[in-house]
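Work through the two exercises below with the sequence and the 3D structure at hand. Each task is followed by a worked solution.

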Amino acid sequence: MRRRSSADPSSEQGHADSTADHSPAPIPEHEDNLDRQTEASLVNVQGWANKGRPKEEAGGSAQRLATDPVAVFHSPTAPRLPPLMAHHNADSTIGALAKDTPPHTMVAHHNEKWRQRLRSPWACSPYTVLTTLAAFIAMFLMAQSFLTRQLDVKGCGMSYMRPTYSRFSNFDTEHTRFASKYSLYLYREGGLDEDTRVKGVPVLFVPGNAGSYKQVRSLAAEAAYHYHNTVQHDADAGKAGKRPLDFFSVDFNEDITAFHGQTLLDQAEYLNDAITYILSLYHTPGKFLRDPSLPDPTSVIVVGHSMGGVVARTMLTMPNYQANSINTIITLAAPHARPPVSFDGDIVRTYKGVNDYWRRAYSQKWAIDNPLWHVTLISIAGGSLDTMISSDYASIESLVPETHGFTVFSTSMPNVWTGIDHLAITWCDQHRKAVVRALYEVIDVSRATQTVPRAERMRGFKRWFLTGLEDIAEKTLPQKEAKTLLTLEENSAIISEGEKLVLRSLGKSKQRPNAHLIPVPPQAAGKKFTLLTSEPLDHPGEHGLLEVLFCSVFPSQPGQSTTLFSMNMDLSGDSVGATRLACKNAASDVIALPASTRHSTHPFKMDERPFSYLQYDLEDLAEHQFVAVVDKAGERSTGWVVAEFSAAPESQIVVDMGLQRLLTTGMSLRLPAQRPLMSDIKIPALHSALLAYNIHIGKQSCDAGELFAPLLRQYVTDIYESKFFVNVKDASINLHGVSPYMPPALHAKQPSNGLSLQIWSDPTCDSSVEINLNVDILGSFGKLWMRYRIIFAAFPILVVALVLRQQFRTYDNSGVFMSFTQGLNECLKSSLPLALSALTFLSIALAGAQHQSKQWSFGGRSANITSLLDTASNELLLGSDDTFFWFLVPLFGLMCIGVCVAINYAVLLIELTLASLYSVVISTRLRKDEAKRSPSAFAVTSNRQRVITTCILLSLVSTVIPYHFAYVVLCLVQLATSVRAFRLARESSLDSNYNFYNYAHSIFILMFWILPINLPVLVVWVRNLAVHWMTPFSSHHNILSIMPFILLVETLSTGRMIPRAEFRVSFFTNILLFSIGAYAAVYGVTYAYVLHHLANILCAWLVAIHFDPSAWSPRRASDTIEGRKPDSETKKRP
């Protein structure tokens, strides 16, 4: 490698800055390094320098001036400025000397002014001020929107319990190698069940990142009370194999799994050992209390919170997993789709390995080839209130088919209907009740698996977790047998076809009970039956106010037995010629909707009984002829019923409007006065989770009195997220699902229907309803934070890399290492706008390619091609397939530039403060050798001591401490170097010292932005030390991952300035820095951990420039190790 001589003579030769000799340098690429006035002066100087000289000599001077204007004033043939003039205050002398100053002195003044402008660390251009101001305005709007707009109301009820925990001390090192670090507990509810012997179905609770084993208490307490108060008194439940749930929990000592892949794998290994031990308890004498005739359990139900859900899935991929020991997994707010942060390479690789295993398993054609065929996975998300982990990441659409699992939001769950934050999802009262009842639905102790078969499990989970309005919701009516015989008078009233049944008050009829018959119309595509009532529907044998039956004529034939019917409802009054109907009860298909009256406030309020709703496609009623609505009220009540058959064109409205038009004009439509009970509005253009909306529903007038207030349900079909709004007038709408960086679905679906709105409005009111929908632009700003937080760790490295590139280019061309601030000023006028423009076009191209790949998949193109495009596109840049959001690249670029400016000035203030304190403590004037910044004067320790310290540090990194710890130490050392360099530059005012300070400061800024990538793993290491876990992690002890940083920081601590490089070396430095910036922008969000290694490579390259072997003699190498100066440095300049 060849290089130029150093532009920092004080560090290499000990010469004064004003008399340093500079080698020729090529002309700078950007001519704005010199202002126009300086350029004009340079022309005059060229003429003055050539005047009175031989032609050859004049030509040589002109050539030197063209290549390096600075070199003219430092060349031996050029007139030298007196030291007094070189260092005197220009403002005080330029006026007095203006007339008598020769032209070359004026040029020197301009050159000095240009140097001062470049080297000044505080210089701030108007471009930088405006950019920073705009960046902070954008960040303020985003923060204000995130904290105050589009917020869901918290509706969780408090849960109470009396917990006791029994630790299994026998689960020791004979069973697992992690016995000294982790512990296993059994939960028992105090005062209700304190026997520590196992007796029912094992359930293992897995806490999440930094979670506690005590978080199991809410679910376990509810399970104990539900069994004690309800299940054990139900004879049918006992026959169905329902027994208590034995809740086990694991104490991970609040391990941090979100940041550390190896910790995640360790927990998964321990849990598999724990499951083996738990299953052994059920056949160990003295450890169990259950019917010996029951089979021994062979599997455990797993409930995982947050990262505990990811650990649960990882368990099935581990070598110590016992086949079929897990068949049911329920996760709460778990980030399945991608890691929450990508700062650790192990966590990224672990996620990829686990998710690929699950995808491959469910992609098998035959069940025998699928090791997960028996497993059901349910992912429950808390929605917008979860501000720790984006609920988009809870989606398992890319991992399992709908036959084996689904993602559901708590706002969708019947009788929960509220968003839940990340921690509350373990104790929210409504939510824990739904989870516990779903678990009791799927257990069966008469089977060794302790659960019902997979298909029945899925039906049970759908019943308890889904609204019942989804396309995959299963209706029980077609599979039922008619068990009710309904006998009516021959002339019973039948509602005319096409008319609604409206009962404004139950119990009005003199005949009690009273049946209202609605004829089932002929089969027609898109027709459906809907019924809404304020009363609960009776099951067979119950004596409530209302029962709904689907009936067909039961022919009266002599000798025909009616013993097939368990219920006989005779409403004929012993009249002759009665009509008999064979009927099925519809109560098992009832859908609970939150009550919506003029007094309703929130859907989760339980002060009003939920509405009961039935909805059937006409195909489900093919074998029936009548719908019988039986009013069984003994006296007049306030209950009401509305029922009808409606056609799809009447109830379904598709809004064909683009997103751009919705942004500008909004959407307005009117529901006619003669409308169905339920209207379904589909807006395909609104599908992105990055946008929020405001909806307004006008009030309708009712002369006869309103039965119920408008009820709104927002939903998307990609995942099962529904939100209900009761008594709705104005509502804020935000959604999840189609989000950035999400992997493609396991099985290709048809294009999304986008946002859909179901509105139940009183059809008896003879008035239309106005609906207005607008995009909430300010509310949408807050949605960017949850989806793009990691960008603020990746994009700034793009800015820093481009600034460093500008600094090195200027330094190699002119010998002036400009300040970071000035470099940022220059980049704002050149490279940063170009880079952001190129990235914007790249984001548009990637979004278009991903969208096209989806079209190919729907059209039957090659699955391999579409999968490749989807996988690549969702990891790059913005991770979106919507070209509409192209503006996010410049927006985030703007914000990150503002953050970089703020951080730079904050570091400058810290360095100024520390340098001032350092000067006060030292309180001595600079010695001559200190001003020259020679290694022996600037360095705190000798070279020998530094070599020994470096060797010790590297040995510790390779054995005991992770390299992340060493990196933090190096950051502190580099900060100290920058502080000492700042003090030296400020007190000496030498260009060479300012060059070195700016160089050291810029390297510290780069290290500062890499620091967040290293801190999480360091926190994990400190946490392990706290619990006395000393086992090293192999991936964290690679000395090559930190050695270049050590060498560069140690080199700078001696005050050595990097030498100016020749063209080829400078070109490679530019390419390397540009590549680091490009990678940070394109891949930084998904693979942030790689940025440390790229910066490490840069440090290795800079060290190579510092120590070019071709410029080193054996004598100089020896002198450096011994800490002596070369002879040339010990000689004084004559």
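**Exercise 1: a helix and its surroundings**

Helix α18 is mostly covered, with nine of its 12 residues buried (under 20% relative accessible area, 1.4 Å probe, protein chains only). The model is predicted: local features need pLDDT of at least 70, side-chain atom pairs count only at pLDDT 80 or more, and totals for chains, interfaces and linings use all residues. Residues are numbered from 1 along each chain as its sequence is written, and side-chain values use heavy atoms, without hydrogens and water.

Task: Which elements do the buried residues of α18 pack against, and which residue caps its N-terminal end?

Solution.
1. α18, a DSSP run (H or I, at least four residues), covers residues 777-788. Its first and last C-alpha are 17 Å apart, close to the 16 Å expected at 1.5 Å a residue (1.5 Å times one less than the number of residues).
2. Among the buried residues are Phe781, Leu784, Met786 and Tyr788.
3. The buried residues pack against α8, β23, β26, β28, α19 and α23 (contact: heavy atoms within 4.5 Å).
4. Asp776 is the cap: one of its side-chain oxygens lies 3.0 Å from the backbone nitrogen of Gly779.

**Exercise 2: an open sheet**

Task: Which strands stand at the edges of the sheet β10-β19-β12-β17-β16?

Solution.
1. The five strands pair antiparallel (at least two DSSP bridges per pair) in an open sheet.
2. β10 (501-503) and β16 (591-593) each have a single partner strand, so one side of each lacks a neighbour in the sheet.
3. β16 is joined to β17 (residues 611-617) by three bridges; Leu593 has Phe611 as its bridge partner in β17.

Terms used
Buried means under 20% relative accessible area, exposed over 50%, partly exposed in between (1.4 Å probe, protein chains only). A polar contact is a pair of N or O atoms within 3.5 Å; within protein, one must be able to donate a hydrogen and the other to accept it, and residues adjacent in sequence count only if both atoms are side-chain atoms.
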